[in-house]
Amino acid sequence: MNSYDVIVLGVGGMGSATVYALARRGRRVLGLEQFSLAHDRGSSHGVNRIIRLAYAEHPAYVPLLRHAYELWRELEERAGGRLLFITGGVDVGAPDGPMVAGSLLSCREHNLSHEVWSADELNRRFPGFRLPRDLAAVYQADGGFVMSERAILAHAAAAHELGAEVREGEHVQSWAPEGSGVRVRTASGEYRADRLVITAGAWVGDAVPALSRLAVPERQVLIWTQPLRPELFAPGAFPVFNMEAAEGRYYGFPIYGVPGFKMGKYHHRCEQTHPDTMNRETDAEDERVLRDGIARYFPDANGPTLALKTCLFTNTPNEHFILDRHPELEQVSIASPCSGHGYKFAPVVGEIMADFALEGGCTKWDLRLFRLGAHP
Ligand SMILES: Cc1cc2nc3c(=O)[nH]c(=O)nc-3n(C[C@H](O)[C@H](O)[C@H](O)COP(=O)(O)OP(=O)(O)OC[C@H]3O[C@@H](n4cnc5c(N)ncnc54)[C@H](O)[C@@H]3O)c2cc1C
């Protein structure tokens, strides 16, 4: 039986970064992925993901984000291609609502340069927006996006160079503790390792049934439209945004990588699901939910629909990540940093999970928010 220092179960956004972080530390590591790398059935596809330093979700994320920016730049150098694009970012909402207040709190607590704009000011600076007067925006210049599919391949390739093994098309059917290590079974064979890191994304509840009620997959849909005035949505002319509007929370990007203005809505139609049975087709109601927001807030992007694609969030009740040891087994650790905002952290999560696997925990960061016990 093949034996490793660490096996990583699931090689998506977090798993590819974890395999790389472990390989950098000279460990014999095996990543097992049930589909192909950068496939479109998990949570990391759809070209890119927003990265931002101002963090309305909680100021505790900011130190991790600063390090994430450094690690994305390092990976770019290693991969020899761009992965991180800085466009500026805006957090939009009612002036006293959670989006603007949370974003400001993170800026003030961590001394981040920022500007507070009225709706008119945002519409003037970025004319792709048509914001009503009752909303305001926090502008933070470091916002941008990471090429998520490309970055999974870059992490895997960099890990390969360092001797890691990554196997595609190997669904982990079961795993079990064996002495102080673990035994992992796939259709192709059995593997042994001293440590197991579970980065199974929306399948985390299958890999660790104790988490199935804490990390709940949810169907999402992204839209790409053909703008009526594409120049207003080009990088440089348009930032990444998160917008808490009357209809819910929209997020979007300047045009990049594939044609079209890309936008999504958090929790879309509030459809809890399982990734193996999720409806991956899209319908007129999916389109309506997204186009309503585009028509109202981005009328110059409201041309024909180019594409609609499904994706998966995995939500914890408080929408903070899970980064912790398995509740009963010290040789197993778990990263479920999804809830719709995890991708940007992937290289930091990789390092954290390498710490869990090799040192039994991570003392570099304050991770109290992400402990299993912190989730109600
Ligand atoms: C529509 C959408 C928009 C988002 N926008 C943003 C954003 O702008 N910014 C941001 O930071 N985050 C965003 N997120 C969240 C972010 O994309 C996720 O946090 C991140 O992709 C999660 O990565 P992951 O590694 O946990 O999951 P995945 O990348 O899905 O990886 C999990 C992998 O595990 C594999 N796997 C599972 N079970 C097994 C098994 N038994 N055997 C073998 N392999 C297995 C899966 O096949 C999969 O490849 C968004 C998410 C969605 C869906």
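Q: How many nonpolar, polar and charged residues does the shell around the ligand have?
A: By class, 16 residues of that shell are nonpolar, 14 are polar and four are charged. Keep in mind as we go that this is a predicted model.

Q: Which residues come nearest to the ligand?
A: To get onto the list, a residue needs a heavy atom within 4 Å of the ligand. Here 34 residues surround the ligand, and E33, H39, S44, C311 and K344 come nearest.

Q: Which helices or strands supply at least two residues each to the shell, and which gives the most?
A: Look at α1 (13-24), β3 (48-51) and β18 (305-315): each of these supplies at least two shell residues. The top contributor is β18, with three residues.

Q: Where does the ligand have polar partners, and how far away are they?
A: The idea is to look for pairs of N or O atoms within 3.5 Å. In the side chain of E33, an N or O atom sits 2.6 Å from an oxygen atom of the ligand. Q34 also places a polar side-chain atom 2.9 Å from a ligand oxygen. With G340 the backbone is involved: one of its N or O atoms is 3.3 Å from a nitrogen atom of the ligand. As for cover, the ligand taken alone exposes 1000 Å², and the protein buries 97% of that.

Q: H39 was on the nearest list, but where is it in the chain, and is it buried or exposed?
A: You'll find H39 in the loop between β2 (29-32) and β3. To call a residue buried, check that its relative accessible area is under 20%. H39 has 16%, so it counts as buried.

Q: What does H39 touch, and what does its side chain reach?
A: Once you set aside residues up to four places away in sequence, H39 touches E33 and H45. Its side chain also reaches the backbone nitrogen of R41, at 2.9 Å.

Q: Let's zoom out. How many helices and strands does the protein chain have, and how compact is it?
A: The chain has eight helices and 20 strands. For compactness, compare the radius of gyration with the globule rule: the chain has 20 Å, close to the 21 Å that the rule gives for 376 residues, so it is as compact as a globular protein of that length. Along its principal axes, the C-alpha trace spans about 65 × 45 × 40 Å.

Q: How many of the residues are buried, and what supplies the exposed area?
A: Buried residues make up 60% of the 376 in the chain. The chain exposes about 14800 Å², with carbon and sulfur atoms supplying 48% of it.

Q: What share of contacts join residues at least 24 apart in sequence?
A: Take the contacts between residues at least 6 apart: 73% of them join residues at least 24 apart.

Q: What does I322 touch, and where is it?
A: I322 is in strand β19 (residues 322-325), and at 0% relative accessibility it counts as buried. Leaving out residues up to four places away in sequence, its contacts include L211, L214, I334, F370 and H375.

Q: And T225: which strand is it in, and what does its side chain reach?
A: T225 belongs to strand β13 (residues 216-225). Its relative accessibility is 0%, so it is buried. The T225 side chain reaches the backbone oxygen of A301 at 2.7 Å. Beyond its neighbours within four places in sequence, T225 is in contact with residues including G260, F261, R291 and A301.

Note on methods: Residues are numbered from 1 along each chain as its sequence is written. This is a predicted model: local features need pLDDT of at least 70, side-chain atom pairs count only at pLDDT 80 or more; totals for chains, interfaces and linings use all residues. Side-chain values use heavy atoms; hydrogens and water are left out. A polar contact is a pair of N or O atoms within 3.5 Å; within protein, one must be able to donate a hydrogen and the other to accept it, and residues adjacent in sequence count only if both atoms are side-chain atoms. Accessible areas come from the Shrake-Rupley method with a 1.4 Å probe; for residues, only the protein chains shown count as cover. Helices (H or I, at least four residues) and strands (E, at least two) are DSSP runs, numbered from the N terminus. Ala, Val, Leu, Ile, Met, Phe, Trp, Tyr, Cys and Pro count as nonpolar, Asp, Glu, Lys and Arg as charged, and the others, Gly among them, as polar. The radius of gyration is taken over C-alpha atoms; the globule rule is 2.2 Å times the number of residues to the power 0.38. Buried means under 20% relative accessible area, exposed over 50%, partly exposed in between (1.4 Å probe, protein chains only). Contact means heavy atoms within 4.5 Å.
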